[in-house]
Amino acid sequence: MNTITFEKKNVKMVAHRGVSGLETENTCAAFVAAGNRSYYAIETDVYITPDGKYPVFHDPTTLRLTGVDKVVSECTLEELQSLPLFDMEEGVFRTDLKIATMIDYIRICKRYGKKAVLELKPQMTTEQIKGIIDAIKELDYLDEVIFISFWDNVVKVRELLPNQKLQALARTCDEEYIQNLIKYRIDLDIYFRSVTKELVDVLHKNNLEINCWTVDQPEDAERLVELGVDYITTNILE
């Protein structure tokens, strides 16, 4: 097993939930796999537990990766970490795989010199976002973090951090959305099939960057490179 290489030219590659084509997504194993490869950045998703901890996990429930159906945002970190994770195959476990924390993730990004592309997963209050920011500041890595989320969350981050790199998530992008990106100086992270040359050009004209998710076929990635995107987020390409 290995990543699939293609001619990426100057495009920055982002490991989606770590190298989740090789290791169970959003685990330390997946983050280290990305750290040991040529990725520019490692992406993950963060929740907040009732006890104020920061597990990294994508789905709202644990069912798909553990076989046990618990709501992530309603569990303590201890409860979440008591659930073993599948090792890339349902029903097959590995003793070192468990739900990681944002602190684990940031430390791995820092150790391997990778940008941290951190998605604020659920809708969060300004105070909750500030807690995440403060935790990353404690690790002295805030300057290397790109926050991504849907619109309400990224605007709250912009209010707290006027100069931080941010990317707004979108499936499609119309003129109104583009104008809001320009107004708040927020880059775009969009579903890859919605990317056009016209969209890339208007964002670049306004000094904004474009990331695209989630690209796993070399031919799709090569098309995006030719369109001039800045980042490609992927499970397996390198």
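Biologist: Which residue in β2 stands opposite Ala-15?
Modeller: Ala-15 stands opposite Ile-42 in β2. The strands named here are DSSP runs of E, at least two residues long, and helices are runs of H or I of at least four, both numbered from the N terminus.

Biologist: What kind of model is this, and how are residues numbered?
Modeller: It is a predicted model, in which local features need pLDDT of at least 70, side-chain atom pairs count only at pLDDT 80 or more, and totals for chains, interfaces and linings use all residues. Residues are numbered from 1 along each chain as its sequence is written, and side-chain values use heavy atoms, leaving out hydrogens and water.

Biologist: Back to β2. How many bridges join β1 to β2?
Modeller: There are 2 bridges between β1 and β2, and these strands run parallel. Two strands pair if DSSP finds at least two bridges between them.

Biologist: And with strand β3, in which sense does β2 pair?
Modeller: The pairing of β2 with β3 (residues 115-120) is parallel, over 6 bridges. Within it, Thr-44 stands opposite Leu-118 in β3.

Biologist: Is strand β2 buried or exposed?
Modeller: In β2 (residues 41-46), 6 of the 6 residues are buried (under 20% relative accessible area, 1.4 Å probe, protein chains only), so the strand is largely enclosed by the rest of the structure. Ala-41, Glu-43 and Asp-45 point one way, Ile-42, Thr-44 and Val-46 the other, and all are buried.

Biologist: What is the strand order of the whole sheet?
Modeller: The sheet is open, has 8 strands with parallel pairing, and follows the order β7-β6-β5-β4-β3-β2-β1-β8. At its edges stand β7 (210-213) and β8 (231-234); each has a single partner strand, so one side of each lacks a neighbour in the sheet. From one strand to the next the twist averages 25°, where axes are lines fitted to C-alpha atoms, for helices over the stretch in contact, and angles run from 0 to 180 degrees between N-to-C directions.

Biologist: Which strands does α1 lie across?
Modeller: Helix α1 lies across β1 and β2, and runs at about 160° to β2. Helix α8 (residues 197-205) lies across β6 (187-191) and β7, at about 145° to β7.

Biologist: What about β5: buried or exposed?
Modeller: For β5 (residues 166-170), 5 of the 5 residues are buried, so this strand is largely enclosed by the rest of the structure. Leu-166, Ala-168 and Ala-170 are on one side, Gln-167 and Leu-169 on the other, and both faces are covered. Strand β4 (residues 145-149) runs parallel to β5, joined by 3 bridges, and Ser-149 stands opposite Ala-168.

Biologist: New topic. Where is Arg-17?
Modeller: Arg-17 is in the loop between β1 (12-15) and α1 (28-35). Its relative accessible area is 12%, so Arg-17 is buried.

Biologist: What does Arg-17 touch?
Modeller: Leaving aside residues up to four places away in sequence, Arg-17 touches (heavy atoms within 4.5 Å) Glu-25, Asn-26, Ala-30, Phe-31, Glu-43, Asp-45, His-58 and Arg-64. A polar contact of 3.1 Å joins the side chains of Arg-17 and Glu-25. Such a contact is a pair of N or O atoms within 3.5 Å; within protein, one must be able to donate a hydrogen and the other to accept it, and residues adjacent in sequence count only if both atoms are side-chain atoms.

Note on methods. Buried means under 20% relative accessible area, exposed over 50%, partly exposed in between (1.4 Å probe, protein chains only).
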